[in-house]
Amino acid sequence: MLHIDRDSGFIALHTAHTTYQMQVDGQGRLVHLYYGARCEAPRPFAPPQGDPGCWPNLLGMEWPAPGIGDNRYPFFEPEFADGTIAADLRFAGVDVLPEKYALPGLPAFRYGGEGVCVSLRDDTGLRVELLYGVFEECDLITRAAVIKNDGAAPVILRGAPSAVLDLPEGAGLDLVTFDGAWAAERTPHRAGVRPGVQSVGSVGGIPTHAHNPFVALCRPDAGEDHGDCWGAALVYSGNYRCQCELSAAGVRLSLGIEPYHFAWTLAPGEHFVTPEAAFVFSAEGFGAMSRRLHDAIRDHLLPAPWRDMRKPRPVLINSWEACYFDFDEPRLFALAAAAKKAGIDLFVLDDGWFKGRDADNSSLGDWVADPRKLPGGVAGLCAKINSLGLDFGIWIEPEAVNPDSDLYRAHPDWALHIPGRETLPIRNQYTLDFSREEVRREIFRQLCAVLDSCPVRYVKWDMNRSLANVYSAALPAARQGEVYHRYVLGVYEMQQKLTGRYPDLLLENCAGGGARFDCGMLYYSPQIWCSDNTDALDRLSIQYGTSFCYPPCVMGAHFSTVPNHITGRAASVEARMAAALSGTFGFELDLTRYTDAQLNDLRPYVDFYRAHGALLRAGDLWRLVPPTGRGAAWAIAAKDGGEAVVFAVGDVLDGRSLPLPFAAAGRWRAAAPGAKVEEWEGETLRRHGLPLPKAGGDLPGYLCWVCRAEPAG
Ligand code: GLA
């Protein structure tokens, strides 16, 4: 709900539980007042030190501009033709938009919502339109900006934030970031905000494994089910910065494109659109914060038709950990035949299918089947897989090229490279210059030739390195600061075209595991491969950290073999199933080594997913016991509280009782795959907990479906 008082210059954005307030002050500055629990009356920004008076250094600002007395670190940097970097932006008007704004060429939350545009202007002719989106039911506030040059000379943008959030809480806040490395993505790190500037971000062209473009601020006493938390996600998949600054005015959180190597020239009349930032606030801790974000992502970001959580997602078998590069058609067929016996729906041919690709040192860029491995081409294999009753999917890495490829030999300048300097290969590959239309056109042509040749139901779009040697042969020296962002726009454009041309295609993004796991990619693909690490114990932590922003249904998760290929750990079948069933659920192991009886033993889990998949995709996540290194527990519960799937892994929980906070009064039924149904009182489940069986072994696991047998009397 929007509240705009034009006489007093007060603007409030209300969601079901939250309020965001701003005010035009006596000098025409757009001042930020408040973001927190819902309230109707204006809440003056009250910095911990001093009277803000008219000094911008102590005010909350909606769009802090440099060079006019706000001494906090400037994120917005417009450089004018006379060499000055200062902007004095004053309020120029506010408009209620007919609907929530969209951002051309950029992903943004959608399907409903309200929109407001607040215009700011300075007398150089620079205009900034601040766009706000309000999604009432899931408590989401979004922000983006359109920066316009209405002046007579060019302006170079050297920094352009998406959103800035000033909180007057001073030293009393913690910052939580989600950090890691390959095979260990998105571990939460929480620490008190320190005086000065601290940030996470990326200069690798993709978010990378190191940090995620989602951060949270919270009060020190906040926990899973209590306390104030602010979650902030950037809807962007390239270089970014999430920056936190503690000053006398409080905490300033800024999110946007990383200013390093960013310089965007705005000729007179041109404009620049920033990516979108998205905020939620919860006064009930991280659990509620995450559940609101999950609702927002599922209902307002994922691509149609996959945002309908009732629509089944296929249970897939992926060939990577089953055979890596070492396969031919009979081996793939045998793998698919075994998968069929386990009840699997879809066979995914991973890396290694295109000509000459026997290791990771050649052929990326030449998207034509290798006749040695696939004599009948992709279409021939697909027909054979289909004849088993399985659907077919394929792996591609469109942004990559190996120096040893026909594409690179024909177009060496299509790879990002700095003339006269050695180009850095990572995993033996270069990155194609996706800022160039002709490069994207050729790759798209090759992909369409494959996808048009047979019914491909699923594509895994991989991206196995970060960007380096960033220079585009197609742009002049003065515009090289645009390449990183134009690259991301190119990736978005191609995923839009791909899913537009094949509307029923299930697209899964991936980047060496989870190096590009962000809200931007989720606009195009309803699932992202969470990590190359499929070890159940490690997955508990990776999926736990991921779940602070992203719902379980978007996390690519597969059941794999033991000992695990990365960690060597031997987790129980139940533990591995619990981790995989909490995500998209698939398999990634050599099932041809399984006997028919062993394949049959997998069926109850596949049946379990079929029976409860809609609940697992649409339900509320309850993080019951955080990962301790020895186990964790969580549940996914229907919004009406009537049923849930409960997961527990690790010896710390073996044989214990697990309280279920969502269990209402009345009789409940509990059914684990392959086990007999038991009944409990909801009150017992809530207070004393669901008794878990004692399984023993290395990493025991437990999962079961609980359902209210009869409503409370
Ligand atoms: C990346 C992906 C893996 C697999 C390989 C293939 O590492 O994350 O799942 O597809 O590439 O080379």
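What percentage of the 713 residues of the chain count as buried? The share is 61%, where buried means under 20% relative accessible area, exposed means over 50%, and partly exposed lies in between, with a 1.4 Å probe and protein chains only.

Before you select anything, please note that this is a predicted model, in which local features need pLDDT of at least 70 and side-chain atom pairs count only at pLDDT 80 or more, whereas totals for chains, interfaces and linings use all residues. Residues are numbered from 1 along each chain as its sequence is written, and side-chain values use heavy atoms, with hydrogens and water left out.

**The whole chain**

Show the whole chain as a cartoon, and you will be looking at 12 helices and 40 strands, which are DSSP runs numbered from the N terminus (helices are H or I with at least four residues, strands are E with at least two). The radius of gyration is 26 Å, close to the 27 Å that the globule rule gives for 713 residues, so the chain is as compact as a globular protein of that length; this radius is taken over C-alpha atoms, and the rule is 2.2 Å times the number of residues to the power 0.38. Along the principal axes, the C-alpha atoms fill a box of roughly 75 × 75 × 40 Å. Among contacts between residues at least 6 apart in sequence, 69% join residues at least 24 apart, contact meaning heavy atoms within 4.5 Å.

**Helix H1 and the proline after it**

Select residues 285–300, which form helix H1. The end C-alpha atoms of H1 are 22 Å apart, in agreement with the 22 Å that its 16 residues should span at 1.5 Å a residue, the expected span being 1.5 Å times one less than the number of residues. Because 15 of its 16 residues are buried, H1 is largely enclosed by the rest of the structure.

Move on to proline 305, in the loop between H1 and S22, where the peptide bond from alanine 304 to proline 305 is cis, with omega near 0°. Another cis peptide bond joins valine 562 and proline 563, with omega about -10°, and proline 563 lies in the loop between strand S31 (558–560) and helix H10 (573–581).

**Helices H3 and H4**

Next select helix H3 (329–341), whose 13 residues reach 19 Å from the first C-alpha to the last, close to the 18 Å expected. Its buried residues include Leu332, Leu335 and Ala336, and the buried residues of H3 pack against several elements, among them strand S22 (316–318), helix H2 (320–323) and helix H11 (596–618).

Helix H4 (residues 377–387) comes next, with Gly377, Val378, Leu381, Cys382 and Ile385 buried. What do these buried residues pack against? Their partners are helix H3, strand S23 (346–349), strand S24 (391–396) and helix H6 (437–453). Just after H4, glycine 389 takes a positive phi of about 90°.

**A buried glutamine in H6**

Follow that packing to helix H6 and pick glutamine 446, which is found there. Is glutamine 446 buried or exposed? Glutamine 446 has a relative accessible area of 8% and is therefore buried. Leaving aside its neighbours within four places in sequence, glutamine 446 is in contact with Gly365, Asp366, Trp367 and Leu407.

**Strand S17 and an exposed arginine**

Now go to glutamate 245, in strand S17 (residues 240–247), which counts as buried at 10% relative accessibility. Outside its neighbours within four places in sequence, the contacts of glutamate 245 include Arg72, Tyr73 and Gly196. If you draw a distance from glutamate 245 to alanine 339, C-alpha to C-alpha, the two are 52 Å apart in space and 94 residues apart in sequence.

For an exposed residue, select arginine 194, which has a relative accessible area of 60% and lies in the loop between strand S13 (184–192) and strand S14 (196–202).

**Two positive phi angles**

Most residues other than glycine have a negative phi, and most peptide bonds are trans. Aspartate 139, however, has a phi near 60°; this residue is found in the loop between strand S8 (126–135) and strand S9 (140–149), and counts as buried at 1% relative accessibility. Finish at arginine 427, where phi is near 50°, in the loop between helix H5 (406–410) and strand S26 (430–431); arginine 427 is partly exposed, with a relative accessible area of 27%.
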